[in-house]
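Have your viewer open and your selection tool ready? Let's walk through a few stops together, one selection at a time.

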Amino acid sequence: MGAERGRYGRGRDGRERYARGRYGRGRAALTPAALGVCAVLLAGCASIPDRGGVEPVKASPPGESQVRVYAVPPREKAQPDEIVDGFLEAMTSDDPDFAMARKYLTKDASAFWQPGAGTAVLRAAPDPAGPKEPSGSESAGLTYPLYGDRIADVDSAHAYKPIEPTAYDGDIHLVRQTVGNTKEWRIDSLPQGLVLGESDFQRNYRSVNKYYFASDENWLVADPVYIRQRIDPTTRMDPVTQAVKVLLDGPTHWLKPVVDSPFPAGTALQKGVTTLEFDDRNALKVPLNEKAAKAGRTQCRKMAAQLLFTLRDLTSTPVGQVELLADGSSLCVLSGDQAEEFAPDRATGRSVNPYFVDDHGRLSLLQAGADQPVDRSQVIGPFGTGAVKLSSVAVARDEKHAAGVAEDYKSLYVSSILSDSELGDPLVTSGGKGEEGALSAPSWDGRGDLWIADRDAAKPRLLRFTGGAGPARPVTVEGLDGARIKSLRVSADGVRIALLLTKDGRNTLQIGRVERHGSKTDPTVTVTRLQSVAPQMETVTAVSWAGPSRLVVVGKESGGVQQVRYIQTDGSTSAAGVLPGLNQVTAIAAADDDRQPLVADSEDAGIVRLPSGTNWQTMVEVGSSPVYPG
C-alpha cells in the first residue's frame, strides 16, 4: 500500500517527523481522509513495538512509488541547517513550478534555477555537511557542501545516462537577507537542475519509449526517456501529454543521427494543452499546431504510428486509435492494428520458439506451450543432420536461414533450415584459436544482415555480411580504447548493437550506434558513440535483447553473486528488473515479444526457461547456445 508523507512522515534525512519536524516545520498536514486511513491502520495493529534500535532510511524506501511529498515554506527565523534541509526536501515534491522550493531562494537564485535543466541522481539522498565557514560569519554567508555518490545524470532532453559512481561535489550557499521586517537565511547559490536520491528519482519519474523511424526505413526505433510519474511541476502536463511533448521535441542527442521523424518542423501541441484523455474506446485525439497541417496523408500515418507506439507504455490496455488534428481539422486516424506495419520487429505477434545446439552439435528447435512437455526436433538441412558440428548459432528473424560457427570456432557457415541442401563453403575462417580467440557467436539484424566478431588476437575485427552472404564487410568500431569484442547482439531495428567487451580481465557491456553512409545497397557501416550500459556491474557474462529498448543481462556487482536482470538500453534499472536466481549461467536468450519465456544455458541445470510468474524450469539437460531468432 502506498503512503502519503505528510504530517506523520519521513524527512529527507530518514527520520520520522511529527508536526513541526526536525527544525520546527514539517510537511503539509494530513487531510481528514488520510487521518481516517491512519486510524484504520492503527486499529489493525495487534501491537506497536516500544523498544529496539532505530535505523535511519535515506529518502523514500525503495518501492514506495505512491509516496507523496508535500513541500512547505521556510518558517520565520529558520536556521541555516533548516533552510538547506527544507529546500532539498522540496525538490522531491510535485509542487507546481517548485513554488515552495523557490521560497528558500533569493530572488536572483530563483531566476537562475531551472529545475528542468537536468537531474543529478545520487545513490542516496544528498547529505549536506555543516557549513565550511565558522559559525557567525554572516557577512560572507555560509556554504554547505552536498555529499553523495553520483550514479547517473538525466539531461534536459530527459535522456538517462549511468556513470561509474563518483563523489558529488555540489554546494549550496546561504546569505542573510531582509524578508518582511526580519533578516532571514536564504539560498543565493545552488547547483543547476535537480539533485535527487535514487529512490526519490524512481518515485517521481518513469521510463517511457518514444519512437522514431530508422533513417530511410519504414520501421520504428525506441528512444527511452524519463517523464514525471504524475503532473509535471514545470509544464503542468499529465503523463500522456508529457509523452506526446517529448516525442514532438525530437530524438535524444545520442540517437538523432540514425533516425528520422516525419513530423513537420515546428510541430507542437496546440497552445495551452496540458491534458490528453482516452475515450471509452481507448482512442485519443491529439490537437497539434498549424505546422502539422503541412503533413500529407502517408506522412500523417507515420506520425500517428510514432504516437501509438509511444503511448503503449502508458496504458494498461491496448491503444485503440490515434487521431491527429491541426487547427481543429482532422489530419488522419490510425488504429493500433494498422500501426503494426511499422513495428520495430516485424515478427512481433508471430509465435516464435527457441533453438539450441544439442549434445551432438546439431541445431534443434524447442517447442513447448505453458505447462506442456517440451518437444525437441532437429531442423531441416545440414545444420540438423550434423554435416558440420556447431559451437554457436543464430537464426535469421524470418526463420528461413541460420548461421553457425563450427565446433573449432574457426569457420562461419550459413544454411537453409527449411529445405535440404548442401553445406557451402564457410563465409569466413578465423586465424585465431580456441573458444575465446576465434569467432564469436553470430547475430542477425532486422535488415537481414549477419554480424560476427573475429577475435583473432593478431587481427581482431567486426564483420558484417549483407543479406547473410559474402563477402565479409569490415565494420569500424570507434572508441574501443584497447578493449576486444567478446560477443555481440544487434537490435531488431539494426541501428544499435550491444557489445560485450573485455579489457584487463573485466567484461563490460556497451551499446553502440550503427551508422550507415554512402550507397544504400552497399553502405560503409561504422559503430560509434559507445556508451556504458551496466557500469554498476563488475563483470558481465552474457546479454540478449529483450524488446525494443531492453536487455537481459547476466553479471555480478562487486562482491556480489551472479544475477540475471533486465536493464534498459539507457542503463537505467529498477528493483523489479532482478529475475529469479540461477547458477552458472553461460548464455541467455530473450524474444522481442515479452510474452515469450526467457531461455538460458546453466551449467547446473542445462537449457532452462522462465515462464511468466514461475521459476526456472529445465527443458533439456544437455545442450548449449540457446537463441531466439535474431
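The tour below visits a disulfide, a helix, a loop residue and a sheet.

Before you click, keep in mind that this is a predicted model.

**Stop 1: the disulfide.** Select Cys 300 and Cys 332, whose sulfur atoms are joined in a disulfide with an S to S distance of 2.0 Å. A search of the whole structure turns up 1 disulfide. Which parts of the chain does this pair tie together? Cys 300 belongs to helix α7 (residues 297–311) and Cys 332 to strand β18 (residues 329–335), so the link connects parts that are 32 residues apart in sequence. Look along the S-S bond next: the torsion there is about -80°, so the disulfide is left-handed. Switch on a surface and you will find Cys 300 buried, at a relative accessible area of 1%. Cys 332 is buried too, with 2%.

**Stop 2: helix α7.** Now extend the selection from Cys 300 to the helix that holds it, α7. With 15 residues at 1.5 Å a residue, α7 should span 21 Å, and its end C-alpha atoms are indeed 21 Å apart. How many of the residues of α7 are buried? The count is 11 of 15, so the helix is mostly covered. Among the buried ones are Lys 302, Met 303, Gln 306 and Phe 309. To see what they pack against, show β13 (205–214), β14 (220–228), α6 (239–248), β16 (283–288), β17 (321–326) and β18.

**Stop 3: Asp 94.** Jump to the loop between α2 (80–90) and α3 (99–102), where Asp 94 sits. Is Asp 94 buried or exposed? Its relative accessibility is 12%, and because buried means under 20%, Asp 94 counts as buried. Draw two distances here: the Asp 94 side chain makes a polar contact of 2.7 Å with the side chain of Arg 228, and another of 2.7 Å with that of Arg 230. Other residues that Asp 94 touches include Arg 68, Asn 204, Pro 233 and Arg 236.

**Stop 4: a three-stranded sheet.** Finish by colouring β34, β35 and β36, 3 strands that form an open antiparallel sheet in that order. β34 (537–545) and β36 (563–568) are the edge strands, each with a single partner, so one side of each has no neighbour in the sheet. Neighbouring strands here are turned by 35° against each other on average, direction ignored. Zoom in on β35 (residues 550–557), which 6 bridges join to the antiparallel β36. For a last click, pick Arg 550 and look across to Gln 568 in β36, which stands opposite.

How values were computed: Residues numbered from 1 in each chain as written. Predicted model: local features only at pLDDT ≥ 70, side-chain atom pairs only at ≥ 80, totals over all residues. Heavy atoms only, no water. Disulfide = S-S within 2.5 Å. Helix = DSSP H or I, 4+ residues; strand = E, 2+ residues; numbered from the N terminus. Buried < 20%, exposed > 50% of the residue type's maximum accessible area, 1.4 Å probe, protein only. Polar contact = N/O pair within 3.5 Å; in protein donor to acceptor, adjacent residues only side chain to side chain. Contact = heavy atoms within 4.5 Å. Expected span 1.5 Å × (residues − 1). Pairing = 2+ DSSP bridges. Axes fitted to C-alpha atoms, helices over the stretch in contact; angles between N-to-C directions. Lists of a residue's contacts leave out its neighbours within four places in sequence.
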